[in-house]
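Have a look at the structure below before reading on. The report after it walks through the main features one by one.

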Amino acid sequence: MSFKRNMITLAMAVAATPAMAANFGVNQANTESVNTERYECKRCTNTTGYTGEVSVSAGYNDVSDVHAGNALGTGKDGGIGAVSGDVKYQGDSGYQAQIQAHQLGMDNGFARLSGGKAGLYQFNLDYDAIKTYQAGDVESPLWHNNGMLTPSDTLNVFDLGLRREKVGLGFDYGQDFYGAFVNYSQEAKTGTKSSSLVSPSPINFGQPIDATTKQFDAGIHFSGQNWLTELSYFGSVYENHIDHLSLPYANDVYSATPDNQAHQVSLSGQYNINRTFMNGRIVTGRMIQDDNLIQMTGNPLQSWDGQVDTLDARYALTSMLTNRLRLGGSVDYSKRDNQSSSAEFAQYNFNSLTGAFRQNVPQDIERNTYKVNASYRIASGYRLQAGYDRKEVERTYSDREQTHDDSLWMKFNVRAFDNFNFNIKAQHANRSGSEYEANDLTSSEDNSLMRKYYLADRTRNAVELRMNHTPTNWLSLDVTTRYAKDEYDDTQIGLTESEDYGYDINLNMAFNQHIDGYVFAGQQWINSNQVGSQGFARPDWAADIEDEFVNLGLGASYSGLMQDKLTLGVDYLFSNSVSDTYVITDGTSPYGDYFSYNHSASLYADYAMNEQMALKITYRYERYFDTDAANVGVNDIPGMITLGDINHNYNAHQVMLSFTYKLR
Amino acid sequence: MKSIFRTLAIGVISILSLTTMAHATPWDNLNSDQLEAQLVEKFEQGQYSPKGADSCLMCHRKNDDVMALFDGAHGKITNSESPMAGLQCEACHGPQGTHNKGGKEPMIAFGKDSKLSPQTQNTVCQGCHNDPEQMAWHTSTHNLEEVACADCHTIHAAKDPALDKLSVNDTCTSCHTKEKADMNKRSSHPMKWDQMTCIDCHAPHGSMSESALVKPTVNDTCYSCHAEKRGPFLWEHAPVTEDCSSCHNPHGSVNDNLLDSRAPQLCQQCHAPDGHASRVVPEPGMDAFGGGKSCLNCHGQIHGSNHPSGSLLQR
């Protein structure tokens, strides 16, 4: 009865408080008395022509391990050079153009060129190069040539790394109520990655990478006073130029990554009535992969017609019912319908055909997600938010065909004080689902006590506290601390629990126009426990994994020297990642070293020779160390071949002198 | 030693106790609702200044932050879409009214010192910026968390740091501090060197996907750079197909390859058959189970295999 009465009171309160929306959009302005012809803008400092700066850098890299190239922009040892810049052009009649370049000439750099007439059209031309080094001087007895991996007594020495080079072109056109865009990009990936094959014993090897991804997107949109809609297409084609790999004594021992393509058509829209906003989208897609299969005895197909049809839909709504109360929610649907053909294929047992056949099982996945949320302003500066999310997943050929995750969350924000903001977040979530069954279609049958962590029943509790303090207008302090625990109560074998907690502190200072600085520090711990059974019965071993991460940084700059012409700065970063695993059988034994740390520092002096020209000298230092006890010499493990000890331990230095010319 | 701590403590306390000697304005004592009501009234009256920006700059031209507007897109008179080509300063800050006569009337102000609610501040920006990029703004986490456009964007500048590839990550991580730390873990996407940016995966104005991702699903987002893992493959690895984040943490990990745990432990959290995968691996680097790539020494095609005999993801 009282619940009913409360609901009636709430309904009356909502009805009695009209949700008036302040809207200061220029399209709502009362311009009856405005006569812009009388605007002269004498005091405006309008700039047409070129503005910006261009800089040329030359320097020296002292690099003993190419891995340092990740931090220093290039792994090259010796003399280096680069061009950077950021220049804008503004024409008298509204034409504008901009070019930004960063470290062109180094392994990592980019350039963006855009131009056009505001409110009518714009074109852009982009170039991006990213090189990611994994390890240098990697050793392998296998030499690759045109799909053949030839063993040799002479070790093949190479770098593990990936270079991405992407070129993009785009064009946008728009008028008052409509617009359209077309984008095309092409990315080339080259390098060598770490791979492994079995023939009959395991061999780690460097697999060459040579692939191209082409992306084509186009769309058209229309808008009105309170609505907006867009129809768009996204297409992606992946082409791998590396064929299947063979050994001299075993043909086609490793299949190439197949070419594939994906297409999506999306229709989306937004509509609002006063302070109620809704948006929705429907995306239909298809992923296709029909590369030729390796021809061998026991393969009934020339090529496989892999095809997955996808459908993603969403509807979301949010409404300010009163100036204090906001309600919202969303419904999401996502389906992955695998239409690929299914057949029986002969399977190898090591290197010889056993006659065992297996059928591929194209998996379908269907997801439904429901969310509701409410936000209530209790008083000025105090706001409470709460919500409930439910995610349902159905998958075929799985140990557990249906799971659902329910989550209740709450946030409390305090902004009532001039110099302090507080936020508290808490979440309680539960995963459950249909009966858990071991399934011989998906894998060899597992221990009946095993619960795979991504399907298992799980309880999650999480809390986060955040405080922001701004004692003065030049100082701000953020402190965040968080704790989360996952418990897999029904799991006897598998991941049984995991906790993740930590804090971070960020202090930023802009003391005056000459001095600013920052300090940050944080730590995180992730502890998880898992249990196994060697006897395919009851649990008889366990592993405790204790991860710890430390992160520290500080920096400052001072620009008040030599009549404000000289700026000095320093940045320093330290991070340390540790993962300690303890294996528990009869006793407890540590599972080898697995950690990494780095010290990254840079010092710079920037001197303005005059209004147009500046010289900057930068010194960068990178100390990096990582170790993984699993990485051992090429032939250290009897019966297998590794890529050698690919751990890192180096000091690297870079000195750069840059000359900058400012336009205007 | 004690005296050093005492000096330090006094220093810290005195820094923290400093209060802003901000410019006191006559509307400082209005609360958010009162301020908004007054601004609504002013906005409806529409008493714009007869001379546009010149009236405002009479007083404000000595402020470098104000004048920096003319270095950016919003200050260009020749740009027909710019506020400067229309109502000028008052296009965003509202009609001047009697603000210039003794400075007793408030104007629409933005940023962290503004008492105006973020939603109301944002209506100014949304008056012009209503395009597909902002389509999901109203249901986005940033909007529900009452983030104002001006919290991330700087209009009075030659270049908005949020629109620069070299500074957008700093803009995001000024609030997302955990993700800032994650960038420095043993493995992470190349974010800390700005080779990749947060907005390569997330749409800061909200999207119609989980976690404001730029593509409809988590996997679609990953495939936009890792197209080789898209498949579909003849032999799939179920958790890979379902969700890349089943095994990987895209923000960073203390393990290599952004993995939640390393092999063999990660694999053994799901695989316990009557065979070798259930074996306890007591030490790394001693045999093929714990050396090199561990389980991946043999099951190297862990993301899916297209070999007819690849059901165990070995070929």
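Which residue in E27(A) does A:Gly553 stand opposite? The partner of A:Gly553 in that strand is A:Leu573. Keep in mind that this is a predicted model, so everything here describes what the prediction shows.

**Strands around E27 of chain A**

That pair is a good way into a set of neighbouring strands. Strand E26 (residues 541-561) of chain A runs antiparallel to E27(A), and 18 bridges join the two. Between E26(A) and E27(A) there is a hairpin with four residues in between, and A:Met562 in the turn has a positive phi of about 50 degrees.

E27(A) has further pairings. Strand E29 (residues 594-608) of chain A is joined to E27(A) by 13 bridges, again antiparallel. In this pairing A:Ser577 has A:Ser596 in E29(A) as its bridge partner. Strand E28 (residues 588-590) of chain A also pairs with E27(A) in the antiparallel sense, over three bridges. Here A:Val583 is matched with A:Ser589 in E28(A), and the two strands form a hairpin with three residues between them. As background, side chains in a regular strand alternate between the two faces of the sheet.

Here are the three pairings side by side:

| Strand pair | Bridges | Direction |
|---|---|---|
| E26(A) and E27(A) | 18 bridges | antiparallel |
| E27(A) and E29(A) | 13 bridges | antiparallel |
| E27(A) and E28(A) | three bridges | antiparallel |

**Chain A as a whole**

Stepping back, chain A has two helices and 31 strands. Its C-alpha trace spans about 90 × 80 × 55 Å along the principal axes. Of its 664 residues, 29% count as buried. Looking at contacts in chain A with a separation of 6 or more, 56% are between residues 24 or more positions apart.

How confident is the predictor? The mean pLDDT of chain A is 92, with 95% of the residues at 70 or more. Among the chain's elements, strand E30 (residues 613-628) has the highest mean pLDDT, 98, while helix H1 (residues 2-16) has the lowest, 44. Over residues 1-19 of chain A the pLDDT is below 50, and this stretch has 10 contacts in the model beyond near neighbours in sequence.

**Where the two chains meet**

Now for chain B. How many residues of chain A are in contact with chain B? There are 154 of them, and they touch 120 residues of chain B. E27 turns up again here: with seven residues, this strand (residues 566-584) gives the largest share of the side of chain A that touches chain B. By class, that side has 57 nonpolar, 77 polar and 20 charged residues.

**Two nonpolar cores**

The largest nonpolar core has 18 residues, and the members touching the most others are A:Phe24, B:Leu39, B:Leu87, B:Cys92, B:Ile108 and B:Val124. Helix H2 (32-45), helix H5 (89-93) and helix H6 (118-126) of chain B each give two or more residues to this core. The largest share, three residues, comes from H2(B). What does A:Phe24 touch in chain B? Its contacts include B:Phe43, B:Ile108 and B:Val124.

A second, separate core has 17 residues, among them A:Leu197, A:Phe205, A:Val253 and A:Ile637.

Back in chain B, the buried residues of H6(B) include B:Gln119, B:Val124 and B:Cys125. The buried residues of this helix pack against H2, H5 and helix H8 (149-152) of chain B.

**Domains of chain B**

Chain B is divided into domain 1 (37-144) and domain 2 (228-297). The centres of the two domains, taken over C-alpha atoms, are 54 Å apart.

**Some backbone details**

A cis peptide bond joins A:Ser199 and A:Pro200, with omega about -15 degrees. A:Pro200 sits in the loop between strand E7 (178-198) and strand E8 (202-223) of chain A. Another cis peptide bond, between B:Ala263 and B:Pro264, has omega of about 5 degrees.

Two residues other than glycine have a positive phi. Phi of A:Tyr397 is near 50 degrees, and phi of B:Gln88 is near 60 degrees. Is each one buried or partly exposed? A:Tyr397 counts as partly exposed because it has 15 C-beta neighbours inside 10 Å, whereas B:Gln88 has 27 inside 10 Å and therefore counts as buried.

Conventions: Residues are numbered from 1 along each chain as its sequence is written. Chains are lettered from A and ligands numbered from 1 in the order in which they are written. Two residues are in contact if their C-beta atoms, placed from the backbone, lie within 7 Å. Ala, Val, Leu, Ile, Met, Phe, Trp, Tyr, Cys and Pro count as nonpolar, Asp, Glu, Lys and Arg as charged, and the others, Gly among them, as polar. pLDDT is the predictor's confidence in each residue, from 0 to 100. A residue is buried if 20 or more other C-beta atoms lie within 10 Å of its own, exposed if 12 or fewer, and partly exposed in between; C-beta atoms are placed from the backbone. A nonpolar core is a set of buried Ala, Val, Leu, Ile, Met, Phe, Trp, Tyr and Cys residues joined through C-beta atoms within 7 Å. Domain bounds come from an automatic or database domain assignment. Two strands pair if DSSP finds at least two bridges between them. Lists of a residue's contacts leave out its neighbours within four places in sequence.
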